[in-house]
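Reader: I have a chain to look over before I go back to the bench. Can we take it by question and answer?

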Amino acid sequence: MTRPPAQDRDPGLQPERTRLAWRRTTLSSTVAAVLAAKAALHGGVQVEGVVICALCCALWLSFLAVAHHRIRTLAAGGIPPALTPRHAGLAVLCTVAVAVCAAVLVY
């Protein structure tokens with residue numbers, strides 16, 4: 001079976017939905033980082049809490065950079081290139097690590 005030429009592609013609202021999904025995930029990650037900071041400072045400042053909170057914030061910033069890069073790529077128009085495995089892996093790693101850091105701070 002042959003594939004149709006790329007110029008015949010009608011993406012519809014898919015690029016917009018993908019941009020919105022990246023923004024929602026960034027917002028969720030922001031909330032997790034803020035709650036982690038709040039949990040770290042609750043009951044007094046402790047070295048372990050501050051270190052985990054700093055790690056959580058660094059991971060959040062890394063995810064924010066990947067998400068912003070992808071949002072800009074999708075907004076450029078045309079057929080966006082596929083997300084590279086490096087960027088996808090970094091996004092997954094940051095998301096999971098932020099969740100783990102936040103869970104550690106809660107317990």
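What follows is a short set of questions and answers on this predicted model.

Reader: What pattern does the protein chain follow along the sequence?
Author: Start with the secondary structure. It comes to three helices and zero strands. Read from start to end, the pattern is α-α-α.

Reader: How far apart are the end C-alpha atoms of helix α2, and what span should its residues give?
Author: Helix α2 covers residues 47-75, which is 29 residues. At 1.5 Å a residue, the expected span is 42 Å. The model agrees, because the end C-alpha atoms are also apart by 42 Å.

Reader: Which helices do the buried residues of α2 pack against?
Author: Buried means under 20% relative accessible area. In α2, the buried residues include Cys53, Cys56, Leu59, Phe63 and Ile71. They belong to a set that packs against α1 (14-41) and α3.

Reader: Which residue follows α2, and what is its phi?
Author: The residue after α2 is Gly77. Its phi is positive, near 90°.

Reader: Is Val104 buried, partly exposed or exposed?
Author: Val104 is found in helix α3, residues 85-106. It joins Val92, Val96 and Val100 in a nonpolar surface patch of about 340 Å². An α-helix has 3.6 residues a turn, so residues three or four places apart point the same way. At 45% relative accessibility, Val104 counts as partly exposed.

Reader: What share of the exposed area do carbon and sulfur atoms supply?
Author: Of the 107 residues, 25% count as buried. The protein chain exposes about 7500 Å². The carbon and sulfur share of that area is 68%.

Definitions and conventions
Residues are numbered from 1 along each chain as its sequence is written. This is a predicted model: local features need pLDDT of at least 70, side-chain atom pairs count only at pLDDT 80 or more; totals for chains, interfaces and linings use all residues. Side-chain values use heavy atoms; hydrogens and water are left out. Patches are made of residues with over 30% relative accessible area and no salt bridge: like charges are joined within 9 Å, nonpolar side chains (Val, Leu, Ile, Met, Phe, Trp, Tyr) within 5 Å. Accessible areas come from the Shrake-Rupley method with a 1.4 Å probe; for residues, only the protein chains shown count as cover. A salt bridge is a side-chain nitrogen of Lys or Arg within 4 Å of a carboxyl oxygen of Asp or Glu. Helices (H or I, at least four residues) and strands (E, at least two) are DSSP runs, numbered from the N terminus. Buried means under 20% relative accessible area, exposed over 50%, partly exposed in between (1.4 Å probe, protein chains only). The expected span of a helix is 1.5 Å times one less than its number of residues. Contact means heavy atoms within 4.5 Å.
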